Amino acid sequence: MKLDQLENWQRTKKCEEVSTQDVGTEQIVMGWVNTRRDHGGVIFCDLRDYSGIVQIVFGQQHEEKAFLKADSVRTEYVLAVRGIVAKRDPETINPKMKTGAIEIHVLELRLLNNCKMLPFQIGDEHQDISEKNRLKYRILDLRRASMQKNLMMRSKAAQVIRDFFYRNQFFEIETPVLTKSTPEGARDFLVPSRVNSGRFFALPQSPQLFKQMLMVSGYDRYFQIVKCFRDEDLRGNRQPEFTQIDIELSFTNQDQILDLIEAMMANLFKETIGFEIPLPIPRMTYQEAMDGYGSDAPDLRFGLKLIDLSSTVANCKFKVFGDAIKNGGVVKAIRVPGGNSFSRKDLDDLTDFVRIYRAKGMAYVKIREEGWQSPITKFFSEEEIRQINEVTGATVGDLILFGADTEKIVNDSLGNLRKEVAQRTGLIKEDEFNFVWVTEFPLFEFDEEEKRFSSSHHPFTMPNESDLDQWENEDPARIKSEAYDLVLNGVELGGGSIRIHRKDLQERIFKLLSIKDEEAQAKFGFFLDALEQGAPPHGGLALGFDRIMMFLSNAKSIRDVIAFPKTQQASCLLTEAPSEVDTTQLKELGLAIRKPKLS
RNA sequence: GGGGUUGUAGUUAAGAUUGGUUAUAACGCCGGCCUGUCAAGCCGGAGGCCGCGGGUUCAAGUCCCGUCAACCCCGCCA
C-alpha cells in the first residue's frame, strides 16, 4: 500500500474543535481512525486526536478518488484529510458526540501511515484490558482517551502548581540526581561510578539536604517538581521512582508553611477540577489521630472512632482484655451504629481481616433490647457492661468491636477495621475530599530490631526544644517535633517539618540517634558545615505529586497517572528493564556479578 | 520474606463442584454484500502450547505438586 507525504499540509483544526460554526468551510484535520463503518456506497470514519473525535465521510458524490482510497483504510491508520464541514441532517445527528451535529465531507485523503492488527482496541472503553497487557503495550494504552485525560490533567496540574509558586516568590532550582548515599530512610538505588572505580552515587530519596543548603545559600524560597527514588517494595500507590512537589522556605514557621500549602492545594483543586477546598484545613495532633483513628493518616469522611476502654476493663474477668493491659497493652473499641445486623459470617470475615494486622482475634458485642448478645457477656459484671455501654455510647441495635493487644497492634487492626466497616456499610462518600493536617509527630520511634531510636521524619527535623531539654536523657520517645503531614481521605499526601538550623542542636539529635561523630562527619559533614556557615531558620515539606494526581483523576492505581510505570516486581514490561548488561560495561565499572547459587 | 486473587483464540470472558466426542461466546481480524452509520448491519471464513514444568489416570483445561507472571495486602517504605 502506497503511503502519502504530509507535504505542506497544515492542520487547521483539532478533531473536536470542528463545530457548527465551521459549516461550509474547508478544513484539514489529522489523526487516527477510531472506527470505520463501510456502507458500500459511503464510508464513515471517526477520526481521533487528543482533543476528541470527528466523523469524516467518504462518498462518491464528495470526491471519488478519496472514496476509492478509503476502501483500504483500517482502524488506527494515520490520516490527514481535507474536506468541507457539513451540517448533518437532523435525523442523523449524534447527541452522544460533541461534534455530533457536523461531519467532514472528504475531498482529499492523505494516508500517512497504516497500522497492523493491535493487541487490543484503542477506542473500546467497554472492555477492560488486563494490567499486564496495558503495561506491555503501554504506547497503545496511553493512546486511550482515559489515559490521555489523566496525563493531560497531570500536565495542567504541574502548570497550576508552578504558577502558584512563581506568584509567591519561589525559585525553581534543580538538584542533582547523582548524589550521595545516606544511611537513614529507605534503601538507595546505587549508580556505580566509572571514573571513581569502586564508588557509588545514590539516586535521591528526596532532595532534602540540597534544598536546605539552598536556604543557607540565601535563595529564600525554593520549590521543585522532582523525581525521587526509593528501592522498597511497591504498592498500589507506591512506585520506586515517583514525583514530589518539593518546597523549602527560610525565616518561616509551621503556621506560615501550612497556610501557604493550603492555599496552593486549594488553588490546584479549583483550577483543575473546580473543587473548593474549605479553608483552613483542620489540624489534629499525632496523638489525637492515633487515639481516635489508630493511624497517623486518619480518614475523617466517617466516624467509627476508636474508644479507649483500657481503664474501664482493666479488672474484668475476660482474660484477653485483662492480660493485654497487664502486659502494658490497651483495649479499644469501635461502636458500629446499627451493626446489630452483621451476620456471623460478616463477623468472621472481620476477624480474619484484623488478623492481617497481627491481631489475635476480635471480640464483639451486639446490643439487643434484652442486653448484650456476645460470646463474652459472661465475663462481665452488670456494672462493667453499664460502663462499657456508657463510654462507647452504645444503644440498642449497635455493635461493638473490640481490640486488645499492644497499642501498636490495636491501633493498626482497629484503625484498618474502621475503614473496612465503613467500606462495607457504605459509610464512605466517594466524591468527598476530606483534608486534615496531622501535627506534633514524635521526633523518634524506637526500632525494635536494632534496639535504638530512629527518626520518625528525618534526622534534620526540629525537635520541640522544651521537650528535648526535659526528655533527652529520660525518655526520648516523648520528644515531639515540629513535623506535619497533609492527609486526604486517609491517604498521606506528604509531609514536612521545621528543620534544625543550629549545629549544637543537630549534634544532640545525632547523639540520640546513636550516630557517632565520625560517622556523622563522613555521611553529613558537608551539611554540618553548612549549619555553621550562617544557616537561617527554615522549613518546608514535600507532597506526593502522583498521589495528588490519583485524587484529581479519580484513579485507583498510581500507574494510571504515570506514563511509564513499573510493575509490582519493579520492572518495566514495555522496555523489559531492568536488563543484564554487557560484561565490558561491568568491567569498566569494576563490577562483577556474583552468580546466584544453584540449589 | 509472607498471605491472597488471577492466568483458556489478538482481546475480554465461559468451561474447573461432577476428568470423557471436534474447548464455547462476544468483540477484533480476513473475504463478500450494502449510500446515513456512529459499539453500523447481514452472509461466510481464519484463528488455541488452556501460563510453563512434572505427577496421578485408560483419559487432564478440569485432580495433585512445583514454577513463572500480573494484581491486592502484611512486612518494608514518608
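Is Arg502 buried, partly exposed or exposed? With a relative accessible area of 30%, Arg502 counts as partly exposed. This value, like every other one in this report, is computed from a predicted model. The side chain of Arg502 takes part in a salt bridge with Asp504, in which the closest N and O atoms are 3.2 Å apart, and Asp504 counts as partly exposed as well, at 41% relative accessibility.

**Salt bridges**

The pair of Arg502 and Asp504 introduces a kind of contact for which the count in this model comes to 50. Another example joins the side chains of Glu108 and Arg82, which meet at 3.2 Å from N to O. This pair links distant parts of the chain, since Glu108 belongs to strand β5 (residues 102-113) and Arg82 to strand β4 (residues 78-87), and the two residues are 26 residues apart. Glu108 is partly exposed, with a relative accessible area of 25%. Glu108 and Arg82 also belong to a network of salt bridges that includes Glu7, Glu26 and Arg110.

A further salt bridge is formed by the side chains of Arg283 and Asp255, at 3.1 Å from N to O. Because Arg283 lies in strand β11 (residues 283-285) and Asp255 in helix α6 (residues 254-273), the pair ties together parts that are 28 residues apart in sequence. Both partners count as partly exposed, Arg283 at 35% relative accessibility and Asp255 at 45%.

The three salt bridges described here are set out below.

| Residues | N to O distance |
|---|---|
| Glu108 and Arg82 | 3.2 Å |
| Arg283 and Asp255 | 3.1 Å |
| Asp504 and Arg502 | 3.2 Å |

**The surface near RNA strand B**

There are 55 residues around RNA strand B, and those that come nearest are Thr92, Glu103, Glu232, Asp233 and Ser456. Of the atoms of RNA strand B that come within 4 Å of the protein, sugar and phosphate account for 54%. Sorted by class, the surface near the strand has 23 polar, 19 charged and 13 nonpolar residues.

Several elements of the fold supply at least two residues each to the surface near RNA strand B, namely β1 (26-38), β2 (42-49) and α2 (131-136). The element that gives the most is α2, with 4 residues.

Some contacts with RNA strand B can be described atom by atom. In the side chain of Gln55, an N or O atom is 2.8 Å from a base oxygen of the strand, while a polar side-chain atom of Asn94 lies 3.2 Å from a base oxygen. For Arg559 the partner is a sugar or linking oxygen of RNA strand B, which lies 3.0 Å from a polar side-chain atom of this residue.

**A buried residue and a nonpolar patch**

Strand β2 also holds Asp49, a residue that is buried, with a relative accessible area of 6%. The C-alpha atoms of Asp49 and Val226 are separated by 29 Å, and the two residues are 177 residues apart along the chain.

On the surface, Leu190, Phe200 and Leu591 form a nonpolar patch, and together they have about 260 Å² of accessible area. Leu591 is found in the segment after α16 (583-589), and with a relative accessible area of 30% this residue is partly exposed.

**Backbone features in the loops**

Where in the chain do cis peptide bonds join Leu279 and Pro280, and Ala577 and Pro578? Pro280 is found in the loop between α6 and β11, and the bond that joins it to Leu279 has an omega of about -5 degrees. Pro578 lies in the loop between α15 (545-553) and α16, and its bond to Ala577 has an omega of about 0 degrees.

Two residues other than glycine have a positive phi, Glu76 with a value near 70 degrees and Ser514 with a value near 60 degrees. Glu76 is part of the loop between α1 (64-69) and β4, where at 2% relative accessibility this residue counts as buried. Ser514 is part of the loop between α13 (503-512) and α14 (517-531), and at 46% relative accessibility Ser514 counts as partly exposed.

Key
Residues numbered from 1 in each chain as written. Chains lettered and ligands numbered in written order. Predicted model: local features only at pLDDT ≥ 70, side-chain atom pairs only at ≥ 80, totals over all residues. Heavy atoms only, no water. Patch = residues over 30% accessible without salt bridge, like charges linked within 9 Å, V, L, I, M, F, W, Y side chains within 5 Å. Areas by Shrake-Rupley, 256 points an atom, 1.4 Å probe, with all protein chains shown as cover. Salt bridge = Lys/Arg side-chain N within 4 Å of Asp/Glu carboxyl O. Buried < 20%, exposed > 50% of the residue type's maximum accessible area, 1.4 Å probe, protein only. Near = heavy atom within 4 Å. Polar contact = N/O pair within 3.5 Å; in protein donor to acceptor, adjacent residues only side chain to side chain. Nonpolar A, V, L, I, M, F, W, Y, C, P; charged D, E, K, R; others polar.
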